[in-house]
Amino acid sequence: MKSLLLPLFLCAFLFGGCASLTLKPTDFGWPVESVLKVDGKGMVQEERYQLSFNVKPMLHEETGDSVNVSGITLRIIRDRAGYYYMTAPKFKHVYVFGTGEGSLTLESKIPISEKGMDTPAFNARPPHIQLLNGSDKPRLLSSGGILEGGKQ
């Protein structure tokens, strides 16, 4: 019996320190949207949050063009859960991205307007994101789609 106690004690001691540490609750949300200009290489950079990424794949997905990207105004906001919401004037969708290892990964593509939005803007409405577009009715968004103000 004594010979079993020592190995069990050592295992408990060694593996007890391997438990993951979780800090809850955590709010990843940004209080206001960021408005970023796409450069000639397809990059955007948000200095305040130390975020930069290439938007060419998203622009190609939305417009079919990944060459003429310079000067596009991208609107981006982050919700409490850590999802990034992105759109731009003339876009028909809001793109929702989650984080990966050194990457942003598309979680959902929310259809908004068949003709494209004129003046999209985001507001934080925790725990959701509000999308405004000119005189259109505001829409409340989640990472899964439209919650209020439009069809899902």
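**Entry 1. K109 and its partner**

Does K109 count as buried, partly exposed or exposed, and at what relative accessibility? I looked this up in what is a predicted model. K109 counts as partly exposed, at 33% relative accessibility. I then examined its charged partner and found that the side chains of K109 and E61 meet in a salt bridge, 2.8 Å from N to O. This pair links distant parts of the chain: K109 belongs to strand β7 (residues 103-111) and E61 to helix α2, 48 residues apart. E61 also counts as partly exposed, with 46% relative accessibility.

**Entry 2. E62, the neighbour in sequence**

I next turned to E62, which has its place in helix α2 (residues 56-63). I noted that E62 is buried and yet has no salt bridge. The nearest side chain of opposite charge is K109, at 5.5 Å. The cut-off for a salt bridge is 4 Å between the side-chain nitrogen and the carboxyl oxygen, so K109 at 5.5 Å does not provide one for E62.

I then asked which polar atoms E62 does meet. The side chain of E62 makes a polar contact with the side chain of H93, at 3.0 Å. In addition, a polar atom of the E62 side chain lies 2.4 Å from the backbone nitrogen of K92. Leaving aside residues up to four places away in sequence, I recorded that E62 touches K90, F91, K92, H93 and Y95.

**Entry 3. Salt bridges in the whole structure**

How many salt bridges does a search of the whole structure find? The search finds five. I recalled the general principle that side chains of opposite charge can pair when their charged atoms come close. Besides the pair in Entry 1, I inspected two further examples.

One of them joins the side chains of D27 and R80, at 3.7 Å from N to O. D27 lies in the loop between α1 (2-16) and β1 (34-37), and R80 in the loop between β4 (73-78) and β5 (84-87), so the pair ties together parts that are 53 residues apart in sequence. Concerning exposure, I noted a relative accessible area of 49% for D27, which is partly exposed. R80 is likewise listed as partly exposed, at 39% relative accessibility.

The other joins K115 and D118, whose closest N and O atoms are 3.5 Å apart. I found that K115 counts as exposed, at 66% relative accessibility, whereas D118 is partly exposed, with a relative accessible area of 46%.

Terms used:
Residues numbered from 1 in each chain as written. Predicted model: local features only at pLDDT ≥ 70, side-chain atom pairs only at ≥ 80, totals over all residues. Heavy atoms only, no water. Helix = DSSP H or I, 4+ residues; strand = E, 2+ residues; numbered from the N terminus. Buried < 20%, exposed > 50% of the residue type's maximum accessible area, 1.4 Å probe, protein only. Lys, Arg positive; Asp, Glu negative; His and termini not counted. Polar contact = N/O pair within 3.5 Å; in protein donor to acceptor, adjacent residues only side chain to side chain. Contact = heavy atoms within 4.5 Å.
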